[in-house]
2 protein chains.
Amino acid sequence: MKARVFVTLKSGVLDPQGKAIGHALDNLGFRAVGEVRQGKIIDIELAEPNREKAAAAVKSMCEKLLANTVIEKYEIELK
Amino acid sequence: MKARVFVTLKSGVLDPQGKAIGHALDNLGFRAVGEVRQGKIIDIELAEPNREKAAAAVKSMCEKLLANTVIEKYEIELK
């Protein structure tokens, strides 16, 4: 089973990297660009056929390592 | 309109950051973890109501700035 984890900054948390990308896009002439925010994707291959167990394991990984839940939120997609 | 861009390393390109995450998960006791790969998400707010124009603009952004197409691939999601 494959899991894809999306880790993004919570709304309200300052995102200087996103701002830098936004400015760079503006400098390149993309005038229609508003707010830009950057996040992470983590693709994990799991040797766990049971969907519920896999989801629980990935949730635990997010809480323990993948996301800093003080400032980041995460979503899990299993396929 | 909002666009979400997924930038990930092409398969075959070495991903040391993903490997580091994989090792860390193994050390934390997650034994079912196979390969781990890391990528980026870029969320862009666009003041462009036309869906096709927005898609074309984001594709151009990817080619020019957001992805290094030698080693990275990108997917665009509009919503």
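**Exercise 1. Helix packing between the chains**

Determine at what angle helix α2 of chain A and helix α1 of chain B pack in this predicted model, and which residues meet there.

*Solution.*
Step 1. Helix α2(A) covers residues 51-66 and helix α1(B) covers residues 16-27; the two pack at an angle of about 105 degrees, with their axes 11 Å apart.
Step 2. Angles of 65 to 115 degrees count as roughly perpendicular. The helices α2(A) and α1(B) are therefore roughly perpendicular to each other.
Step 3. From α2(A), the residues Met61(A), Leu65(A) and Leu66(A) meet Ile21(B), Ala24(B) and Leu25(B) of α1(B).
Step 4. Sorted by class, this contact of α2(A) with α1(B) has six nonpolar residues, no polar and no charged ones.

**Exercise 2. The contact of α1(A) with α2(B)**

State how the axes of α1(A) and α2(B) are placed, and classify the residues of their contact.

*Solution.*
Step 1. The two axes come within 11 Å and cross at roughly 105 degrees, which makes α1(A) roughly perpendicular to α2(B).
Step 2. Ile21(A), Ala24(A) and Leu25(A) of α1(A) meet Met61(B), Leu65(B) and Leu66(B) of α2(B).
Step 3. The contact of α1(A) with α2(B) consists of six nonpolar residues, with no polar and no charged ones.

**Exercise 3. Relation of the two copies**

Find the operation that superposes chain B on chain A, and identify the residue of chain B that comes closest to the rotation axis.

*Solution.*
Step 1. Chain B is superposed on chain A by a rotation of 180 degrees with 0.0 Å of shift along the axis, at an RMSD of 0.0 Å.
Step 2. The two copies are thus related as by a two-fold rotation axis.
Step 3. Among the residues of chain B, Lys40(B) comes closest to this axis, its C-alpha lying at 2.2 Å.
Step 4. Both copies use the same surface, since 100% of the contact residues of chain B recur in chain A.

**Exercise 4. The sheet**

Derive the strand order of the sheet and indicate which strands stand at its edges.

*Solution.*
Step 1. Within chain A, strand β1 (residues 2-9) and strand β2 (residues 33-46) pair in the antiparallel sense over seven bridges. In this pairing, Thr8(A) has Gly39(A) as its bridge partner.
Step 2. Between the chains, β2(A) is joined to β2(B) by 11 bridges, and these strands run antiparallel. The partner of Ile41(A) in β2(B) is Gly39(B), and that of Gln38(A) is Ile42(B).
Step 3. The result is an open sheet of six strands in the order β3(A)-β1(A)-β2(A)-β2(B)-β1(B)-β3(B), with antiparallel pairing.
Step 4. At the edges stand β3 (72-78) of chain A and β3 (72-78) of chain B, each with a single partner strand, so one side of each is left without a neighbour in the sheet.
Step 5. From one strand to the next, the twist averages 25 degrees.
Step 6. Helix α2(B) packs on the sheet, touching β2 of chain A together with β1, β2 and β3 of chain B; the direction of α2(B) makes about 155 degrees with that of β3(B). Helix α1(A) lies across β2 of both chains and runs at about 125 degrees to β2(A).

**Exercise 5. A salt bridge**

Locate the partner of Asp43(A) in a salt bridge and describe the separation of the pair.

*Solution.*
Step 1. The criterion places a side-chain nitrogen of Lys or Arg within 4 Å of a carboxyl oxygen of Asp or Glu. By this rule there are eight salt bridges over all chains.
Step 2. Asp43(A) forms a salt bridge with Arg4(A), with the closest N and O atoms 2.8 Å apart.
Step 3. Asp43(A) lies in strand β2 and Arg4(A) in strand β1 of chain A; the pair, 39 residues apart, links distant parts of the chain.

Technical notes: Residues numbered from 1 in each chain as written. Chains lettered and ligands numbered in written order. Predicted model: local features only at pLDDT ≥ 70, side-chain atom pairs only at ≥ 80, totals over all residues. Heavy atoms only, no water. Pairing = 2+ DSSP bridges. Helix = DSSP H or I, 4+ residues; strand = E, 2+ residues; numbered from the N terminus. Least-squares fit on C-alpha atoms with pLDDT ≥ 70 in both. Contact = heavy atoms within 4.5 Å. Axes fitted to C-alpha atoms, helices over the stretch in contact; angles between N-to-C directions. Parallel < 35°, antiparallel > 145°, perpendicular 65-115°, else oblique. Nonpolar A, V, L, I, M, F, W, Y, C, P; charged D, E, K, R; others polar.
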